[in-house]
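Biologist: I'm new to this one, and a tour of everything would lose me. Could you pick a single part and take me through it closely?

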Amino acid sequence: MKLELRGITKKFPGVIANDSVNLSISTGEVLALVGENGAGKSTLMNVLYGLYKADEGEILVDGTAVNFHSPADAIKAGIGMVHQHFMLVPVFSVAENVVLGSEPTKRFGALDIERARKQVREVSDRYNLNLDPDAIVEDLPVGVRQRVEIVKVLLRDAKIVVFDEPTAVLTPSEIVEFFSIVRTLTDAGKGVVFITHKLKEALTIADRINVLRRGKVVGDADPKTASESHIAEMMVGRPVQLTVNKATASPKQVVLDVKDLSIIDPDGRLIVENVSFNVRAGEIVGVAGVQGNGQTELVEAISGLRRTSQGSLTLDGKDITEASPRQRHTLGMGHVPEDRQRQGLVTGMTITENLVLTRYHDSEFCNGFKMKWSKAKEKAKELVQSYDIRTSDPDQMASTLSGGNQQKVIVARELSRDIRLVLAAQPTRGIDVGSIEYIHEQIVKERDSGTAILIVSTELDEVMALSDRILVMYRGKVVADLDPKKVSHMDVGLYMAGSRPENAVGVNS
Amino acid sequence: MKELIKSLRYTFLALLASLLVGAIIIVVTDIDALKSGDFGKAFSTVFTAYKSLFQGSFWGLRSISNTITGTTPLLLSGLAVSVAFKAGLFNIGATGQMLAGGMTALWVGFTMTGPGWLQVPLAVIAGAIGGALYGGIAGVLKARTGAHEVITTIMLNSIASFLVLWLLKTTTFQREGRPDPISKLVVDEARLPRLFGFLDGRSDLVAHAGFFVALLATFAYWYLLKRTTLGFELRATGLNSDAAKYAGMKSKSLTVVAMLLAGGFAGMAGATEVLGTYGYASTSLAGNIGFDAIAVALLGQSSPIGTLVAAVLFGALQAGGRSMQANTDVPVDLIIVLRALIVMFVAAPLLVKAMFRVKSQVTSQGQTFRGWGG
């Protein structure tokens, strides 16, 4: 089967999301569709999947024009979609989820769960998905849930499978597994469209790469020959810095001192165990580790959102173990939280309001009772300018911003205060190349002005590139203190997995 | 201004749609007309009913007075629900808070002596304080123990109504010589002045200055939300309590403050009823107002202007409904149906948009309260 999009144009009020896009995909190949957030990837796929009607252009299946009025038409034509946010019922079993919407029935409409189970087992075996049809979805890790979505698509006889940002939620090892599944699919004669903004992944798995920028296909790339920086340039429209440019750090006095810190969660489990480290003024300390090894809890404890069960925290020599989050803010702690939409922003409020969310109580913005909104608006205008937040009006809702710009709002808010320590958790998760570059620059600039910086990230590349010192967390403990210039990716990976490389190098004493 | 027009447009469309459905209900329940097949008569019933509904709410001084009287407690208790919604809380306890505020206002109203310019504000403030303290109970319970405010406010409603029943039988409150639970009369100086008191011989114009109290409270609510740090904190907590916590806001004390404010508004509703409309308290003091307040807040999407518009609409329907019943065979209960329909029609576009994941101004502002999990 060959699927073609010809001259697809889709306009929304004020924007042209897709501008005469041409695209083709055949079975047996992987097409990567790369582009920054807001480049029109998702719109294009929603047109293909019958969720949107294109204003112009046509969709051709094996050379004949088709009309998709709904996803049902697309599915009938052999197109399947795995969304970024899974559409699964958590309390249902795998088999129940898979057949949801097209349940096999026995007489009188009774659900034929036996047949559903058998179908899941068959597909799972054929494509090496290793799924237990009776497992309850909410008990499964994210990577396995994704496979449930894949089975759903395969059972509806999809010949072309579209994955929308499939790796965003996966751990590094799950990503490797995911790629092998993609290969199995193409070997079995399926076509795969892989939507992503992670260039490395596109280069690893794709047979062809199409680059989308501002709604247009701006170029094709052959993964065998193209370089990452070349594609990044096409995506952003200008040369981009993929590595972090920074001078050698010159650490000064200790700003944050963590001593013997332990955290016990409400269920009585020891999440963080006897962790001790410090962060000095003018250095970036990166905490690496696979998600779920106590980093989130550690950050929450440092920022004052979680009680510690043992140990002490000192900021600039002052004991802050019992201090409230507000007190820590005032003492000079800036916090870029892990989940920007849930913890960092109130998306239902304006950009201005979000820019003063952690400092509205300063005498600059209020007199204790009344807000000085005109001052806040001035500040917002200034920050929108100096932090390159792309918006026409700071009085718009924060929800109207793209992910990268939302993150810039948080970074602007936290860095523009008078701060001594920046606590940044996953500062660039799920945002576009341009914004990543920008945020990294800002963090380095902040370091050079003498601020202590603690970065927590599950993206090893990011930790390696940014940090002056790397701490590796494994099962709640800091298992290594490394020098990123001397240690290899491979070795850090081994520490992250809980083992200790032989002839370990780059270990700080 | 833009906000007002938008909120008026939605309300108007909802009103129109529900009047249409209401007309169908009038026709199909007119058994006589159906039997005789005389649809002309049925339609003229609809016409007369709606005509007297309108006339009874806005036509002439008396109608306007009735609408104002009905609007006052609806607006104040509507604010009680709205302010809680803004902070992410679902206050079902306006009834209990009204009773609490009504009783404290009453007590001040019949015990104190002094000039009216002092007595009236004192009694209203006493009502606000009584209601605030009663609303605060649910806030403290939520902050301290995590008890969900929906449960606690419903329970507190029952407690309040039996407490009032008991209080009205005590010698402190019960009117002398009366066997039934009815309170002493508020002294004349403490009564809220009648708006049309200057017109001689029009004792039927019952509207009182409580309406200005309600308008003032609406302005205060607007000021709180838009201009103060506290309003900023309440809105942030209501929209995203996690982010508010990360920003260093104290969500627990904000919960208590929100319920205190909610109770304060509802308490004033009780106070204006006692000091204005009735001049005494009885067990039916709060009536259904505490629940109608939820509809008012939902219809007004918790905004100050929206709540005002919704309260006026409901107050008008209530006033007009009585004259509709008097002039036609259509029972006043149709008003309840109409109100329910209005709320449904307002809720429906939000629902439809949410279902199709359409992002719009309306859905983002339509945030009312978090579910049970929150």
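Modeller: Let's start with a term: two strands pair if DSSP finds at least two bridges between them. Strands themselves are DSSP runs of E with at least two residues, helices are runs of H or I with at least four, and both are numbered from the N terminus. This is a predicted model, in which local features need pLDDT of at least 70 and side-chain atom pairs count only at pLDDT 80 or more, while totals for chains, interfaces and linings use all residues. Residues are numbered from 1 along each chain as its sequence is written, chains are lettered from A and ligands numbered from 1, in the order in which they are written.

The part I'd pick is the strands of chain A. Begin with an open, antiparallel sheet of four strands in chain A, ordered β2-β1-β4-β5. Its edges are β2(A), residues 15–26, and β5(A), residues 64–66, which each pair on one side only. On average, neighbouring strands here are turned by 30 degrees against each other, direction ignored. (Angles like this come from lines fitted to C-alpha atoms, for helices over the stretch in contact, and run from 0 to 180 degrees between N-to-C directions.) At one end of that order, β4(A), residues 56–61, pairs with β5(A) in the antiparallel sense over three bridges. If you want a place to put your finger, A:Leu60 has A:Ala65 in β5(A) as its bridge partner.

Now hop to β8(A), residues 191–196. Buried or exposed, how do its six residues come out? Six of six are buried, so to speak a mostly covered strand; a residue counts as buried if 20 or more other C-beta atoms lie within 10 Å of its own, as exposed if 12 or fewer do, and as partly exposed in between, with C-beta atoms placed from the backbone. In a regular strand, side chains alternate between the two faces of the sheet. Here, A:Gly191, A:Val193 and A:Ile195 point one way, A:Val192, A:Phe194 and A:Thr196 point the other way, and all are buried. β8(A) runs parallel to β3(A), residues 30–34, with five bridges joining the two. It is also joined by five bridges to β7(A), residues 160–164, again in parallel. A:Val192 makes a handy landmark: A:Val30 stands opposite it, and it is the bridge partner of A:Val161 as well.

Further along chain A comes an open sheet of six strands with mixed pairing, in the order β16-β17-β18-β13-β19-β20. β16(A), residues 333–336, and β20(A), residues 477–482, stand at the edges with a single partner strand each, so one side of each has no neighbour in the sheet. Neighbouring strands are turned by 20 degrees against each other on average, direction ignored. Inside this sheet, β17(A), residues 421–425, and β18(A), residues 452–456, pair in parallel over five bridges. One of the matches to look for is A:Leu421 with A:Ala452 in β18(A).

Helices pack here too. α9(A), residues 295–303, lies across β13(A), residues 284–288, along with β16(A), β17(A), β18(A) and β19(A), residues 469–474, and it runs at about 150 degrees to β17(A). α14(A), residues 403–415, packs on the sheet as well, touching β16(A) and β17(A), and its direction makes about 175 degrees with that of β16(A).

Last stop: follow the chain out of β17(A). A:Thr428 sits in the loop between β17(A) and α15(A), residues 433–448. Why does A:Thr428 count as buried? Because 25 other C-beta atoms lie within 10 Å. Which residues is A:Thr428 in contact with, leaving aside its neighbours within four places in sequence? They are A:Ile436, A:Ile439 and A:Glu462, where contact means that the C-beta atoms, placed from the backbone, lie within 7 Å. A:Ile439 is eleven residues away from A:Thr428 along the chain, and their C-alpha atoms are separated by 7.5 Å.

One thing beyond that part, since you'll see the other chain on screen: 24 residues of chain A are in contact with 16 residues of chain B. On the chain B side, α9(B), residues 229–239, and α10(B), residues 241–246, each supply at least two residues. The largest share, five residues, comes from α9(B).

How values were computed. Contact = placed C-beta atoms within 7 Å.
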